[in-house]
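Colleague: I would like to learn how to read a model feature by feature. Could you take me through one?

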Amino acid sequence: MNKKKLVLVVCGAGTLTSVMASQGVEEGLKNNGVKDVEVKVGRIDDIERFVDRISVLVCTMNIRTKYDFPVIRGTAFVTGDEEAQEDIINQIVTYLKENE
Amino acid sequence: MEVEKLFQEKHIMMNLERETREEVITALFDKLYASNSVKESFLENVLKREKVYPTGLKIKNFEIAIPHTEGVHVNESTIAIATLKTPVSFQCMEDPEEEVQAKIVMMMALKDGHNHLQMISRIVKMFQKQEVLSGLEHAETEHEIINLIQQYL
């Protein structure tokens, strides 16, 4: 049984920037017809907790650790840079499709 | 999270003169602490967060900062705003090696962001607008700022 894919969106406090980014990512995925993906908001400590389930990690801060899944900067959802936002969504959609 | 409590004149400071980001953060905290909107622990945690996860942002023509920390240090959700007489440097969220010269600093004291996604989204999107940031920078009274926000929120 396939578990839903997980896109984890994190920031330092888990309260503000990750909320913005997760909203943007959810909307973007929906607009691209991507289903069966869970978008979750968290803090940097949650990465370890979900490390086995994460397909894509979106973060609004600098993360130096290398993981098996792509780590994408989501600050464009905080600054309102629409072009960069589209770019982020495309990266996520492409990766999810290629790794179905 | 009540909208009227989110933006209050007593949490706004205009032409604030401070030299360092720590001083700006402290000045904003003082306002929020005076109104009992945040706990004493809020200051130390915002300063700590800012060092590790900086909040400086470039929003097209404007450079701002949005210091904040976890909701557990907040009593009642509200946002303190300071326009600075002289820009103060904050490290950039996108690239901590870079600095922004913030002229507007907004201290977001949010109790539980997870349960108010729509509201937070509206607030941040409002502050992404050049007209709003320009209005904040050029406002002459706290009342003007409140009106501006009410207009755009």
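Modeller: Start with how elements are named. Helices are DSSP runs of H or I with at least four residues, numbered from the N terminus. By that count, Leu47(B) is found in helix α3 of chain B, residues 41-52. Keep in mind that this is a predicted model.

Colleague: Is Leu47(B) buried, exposed or partly exposed?

Modeller: Buried means under 20% relative accessible area, and exposed means over 50%. Leu47(B) has 22%, so it is partly exposed. Leaving out residues up to four places away in sequence, it touches Glu22(B) and Ile25(B). Leu47(B) and His68(B) are 21 residues apart in sequence, yet their C-alpha atoms are 8.7 Å apart.

Colleague: Which residues does Ile145(B) touch?

Modeller: Ile145(B) lies in helix α6 of chain B, residues 142-152. Its relative accessibility is 0%, so it counts as buried. Beyond its sequence neighbours up to four places away, Ile145(B) touches Ile12(B), Met14(B), Ile81(B), Leu136(B) and Ala139(B). Phe7(B) is 138 residues from Ile145(B) in sequence, with 9.2 Å between the C-alpha atoms.

Colleague: And which residues does Ser121(B) touch?

Modeller: Ser121(B) touches Met20(A) and Gln23(A), again not counting residues up to four places away in sequence. Ser121(B) sits in helix α4 of chain B, residues 117-127. It counts as buried because its relative accessibility is 7%.

Colleague: Now salt bridges. How many does the structure hold over all chains?

Modeller: The criterion is a side-chain nitrogen of Lys or Arg within 4 Å of a carboxyl oxygen of Asp or Glu. The structure holds nine over all chains. Take Arg49(A) and Asp46(A): their closest N and O atoms are 2.7 Å apart. The two residues are three apart in helix α2 of chain A, so about one helical turn separates them. Arg49(A) is exposed at 63%, whereas Asp46(A) is buried at 13%.

Colleague: Which pairs link distant parts of the chain?

Modeller: One is Arg49(B) with Glu70(B), a salt bridge of 2.7 Å, N to O. Arg49(B) is in helix α3 of chain B, and Glu70(B) is in the loop between β3 and β4, 21 residues apart. Both Arg49(B) and Glu70(B) are buried. Another is Glu98(B) with Lys58(B), at 3.5 Å between the closest N and O atoms. Here the loop between β4 and β5 of chain B holds Glu98(B), strand β2 holds Lys58(B), and their positions lie 40 residues apart in sequence. Glu98(B) is partly exposed at 38%, and Lys58(B) is partly exposed at 36%. Bridges can also share partners: Arg43(A), Asp45(A), Arg49(B) and Glu70(B) are joined into one network.

Colleague: Which residues gather in the patch of negative charge on the surface?

Modeller: They are Asp81(A), Glu82(A), Glu83(A), Glu86(A), Asp87(A) and Glu94(B). Take Glu83(A), in helix α4 of chain A, residues 82-98. Its relative accessible area is 70%, so Glu83(A) is exposed.

Colleague: Last, backbone angles. Which sign does phi have at Asn36(B)?

Modeller: Most residues other than glycine have a negative phi. Asn36(B) is not a glycine, but its phi is positive, about 65°. It lies in the loop between α2 and α3 of chain B. Lys60(B), also not a glycine, has a positive phi of about 55°. Its place is the loop between β2 and β3 of chain B. With 71% relative accessibility, Lys60(B) counts as exposed.

Technical notes:
Residues are numbered from 1 along each chain as its sequence is written. Chains are lettered from A and ligands numbered from 1 in the order in which they are written. This is a predicted model: local features need pLDDT of at least 70, side-chain atom pairs count only at pLDDT 80 or more; totals for chains, interfaces and linings use all residues. Side-chain values use heavy atoms; hydrogens and water are left out. Patches are made of residues with over 30% relative accessible area and no salt bridge: like charges are joined within 9 Å, nonpolar side chains (Val, Leu, Ile, Met, Phe, Trp, Tyr) within 5 Å. Accessible areas come from the Shrake-Rupley method with a 1.4 Å probe; for residues, only the protein chains shown count as cover. Lys and Arg count as positive and Asp and Glu as negative; His and the chain ends are not counted. The place of a charge is taken as NZ of Lys, CZ of Arg, CG of Asp or CD of Glu. Buried means under 20% relative accessible area, exposed over 50%, partly exposed in between (1.4 Å probe, protein chains only). Contact means heavy atoms within 4.5 Å.
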